[in-house]
Amino acid sequence: MQKLTGKVALVTGGNSGIGLTTAKYLVAEGAYVFITGRRQAELDQAVEAIGKNVTGIQNDVSNLADLDRLFSIIQQEKGKLDIVFANAGVGEFVPLGSITEKHFDETFNINVKGLLFTVQKALPLLSEGASIILNASVASITGIPALSVYSATKAAVRSFARTWILDLKEHQIRVNVVSPGVVPTPSYYRLGLTDEHFPVSAIPLGRVGTTNDIAKAVVFLASDDSSFVNGIELFVDGGMAQI
């Protein structure tokens, strides 16, 4: 029995990695999914890979006019949203002493500003009892060399959930955070990460995560299985952040 039949979902950054896998899982559970991405060719490939019940919309979450266009399309096509997975994000290794204004602005504009306005502009479309899932990282609570700006954005994302569950309580809208650990994705490799950065020996379960691991956690938070779960940060990291 499908858990999300009749639900309409939005996955930002759904053209690759965690976003793409999650969109596939949401569709498999009966949802209709809108995915976004900045690169049209990659977005087209993702839509083809998902195969059904999906619309791809080229979008930059840091551009508020782009977000207005996104939600106008969703309004016209479906008229509502039940699930928002605010997943789009960027990161780069830059040690203190080498941080530039450009690096700071780009990282915060996408990971914090973009996420905030994605959720805020979605509000008129959100159904009573909707589920919002924010993608953060174990970096929200752990220190990782040369990743201070990225880590600060993810701490901000976690903080948003604590306040938003109060702002949205009259509509019974839940807001939760999923924080992946080491999950090799295209973005992971663009960061220049290797096994030397996070050896498997540092992960109690003895393996890195997969995009499937994260997608299943998001489906849980999106569905009625988590109907009394609100405001949490769910670490999907093999125990890495707990030791």
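This passage describes the sheet, the helix packing and a few individual residues of a predicted model.

The sheet is a good place to begin. Seven strands make up an open sheet with parallel pairing, and their order is 3-2-1-4-5-6-7. Its edges are strand 3 (54-58) and strand 7 (233-236), each of which pairs on one side only. From one strand to the next, the twist averages 20°. In general terms, strands of a sheet are paired by backbone hydrogen bonds, in either a parallel or an antiparallel arrangement.

Strand 5 (residues 126-135) can be followed in some detail. With strand 4 (residues 81-86), strand 5 runs parallel, and five bridges join the two. Within this pairing, S131 of strand 5 stands opposite I83. Strand 5 also pairs with strand 6 (residues 174-180), again in the parallel sense and over five bridges. Here I133 is the residue that faces N176 of strand 6, the two standing opposite each other. As for its surroundings, strand 5 is largely enclosed by the rest of the structure, because seven of its ten residues are buried.

Helix 2 (residues 40-50) provides a link between the sheet and the helices. Helix 2 packs on the sheet, where it touches strand 2 (32-37) and strand 3, and its direction makes about 175° with that of strand 3.

The helix pairs come next. Two packed helices are described by the angle between their axes together with the distance between those axes. For helix 1 and helix 2, the angle is about 30° and the axes are 10 Å apart. Angles under 35 degrees count as roughly parallel, and helix 1 and helix 2 are therefore assigned to that class. Their crossing is right-handed. On the side of helix 1 the contact is made by L20, A23, K24 and V27, and on the side of helix 2 by A46, A49 and I50. Sorted by class, the residues of this contact between helix 1 and helix 2 comprise six nonpolar, no polar and one charged.

Helix 1 (residues 17-28) also packs against helix 7 (residues 211-222), and the axes of these two come within 8 Å and cross at roughly 50°. That makes helix 1 and helix 7 oblique to each other. The crossing of helix 1 past helix 7 is right-handed. Helix 1 contributes G17, I18, T21, T22, Y25 and L26 to the contact, while helix 7 contributes T211, N212, I214, A215, K216, V218, V219 and A222. In the contact of helix 1 with helix 7, eight residues are nonpolar, five are polar and one is charged.

Two threonines give a closer view of this pair of helices. T21 is found in helix 1, and with a relative accessible area of 12% it is buried. Leaving aside residues up to four places away in sequence, T21 touches T211, N212 and A215. The partner T211 lies in helix 7. Its relative accessibility is 16%, so T211 counts as buried. With residues up to four places away in sequence again not counted, T211 touches G17, I18, T21, V183 and T185. T211 also illustrates how the fold brings together separate parts of the chain: T211 and G19 are 192 residues apart in sequence, yet 8.4 Å apart in space, C-alpha to C-alpha.

Finally, two loop residues deserve a look for their backbone geometry. N53 has a positive phi of about 50°, although it is not a glycine. N53 is placed in the loop between helix 2 and strand 3, and its 37% relative accessibility makes N53 partly exposed. A146, also not a glycine, has a positive phi of about 70°. Its place is in the loop between strand 5 and helix 5 (148-167). With a relative accessible area of 27%, A146 is partly exposed.

Methods. Residues are numbered from 1 along each chain as its sequence is written. This is a predicted model: local features need pLDDT of at least 70, side-chain atom pairs count only at pLDDT 80 or more; totals for chains, interfaces and linings use all residues. Side-chain values use heavy atoms; hydrogens and water are left out. Axes are lines fitted to C-alpha atoms, for helices over the stretch in contact, and angles run from 0 to 180 degrees between N-to-C directions. Helices (H or I, at least four residues) and strands (E, at least two) are DSSP runs, numbered from the N terminus. Angles under 35 degrees count as roughly parallel, over 145 as roughly antiparallel, 65 to 115 as roughly perpendicular and the rest as oblique. A crossing is left-handed if the near helix is turned anticlockwise from the far one by less than a right angle, and right-handed if clockwise. Contact means heavy atoms within 4.5 Å. Ala, Val, Leu, Ile, Met, Phe, Trp, Tyr, Cys and Pro count as nonpolar, Asp, Glu, Lys and Arg as charged, and the others, Gly among them, as polar. Buried means under 20% relative accessible area, exposed over 50%, partly exposed in between (1.4 Å probe, protein chains only). Two strands pair if DSSP finds at least two bridges between them.
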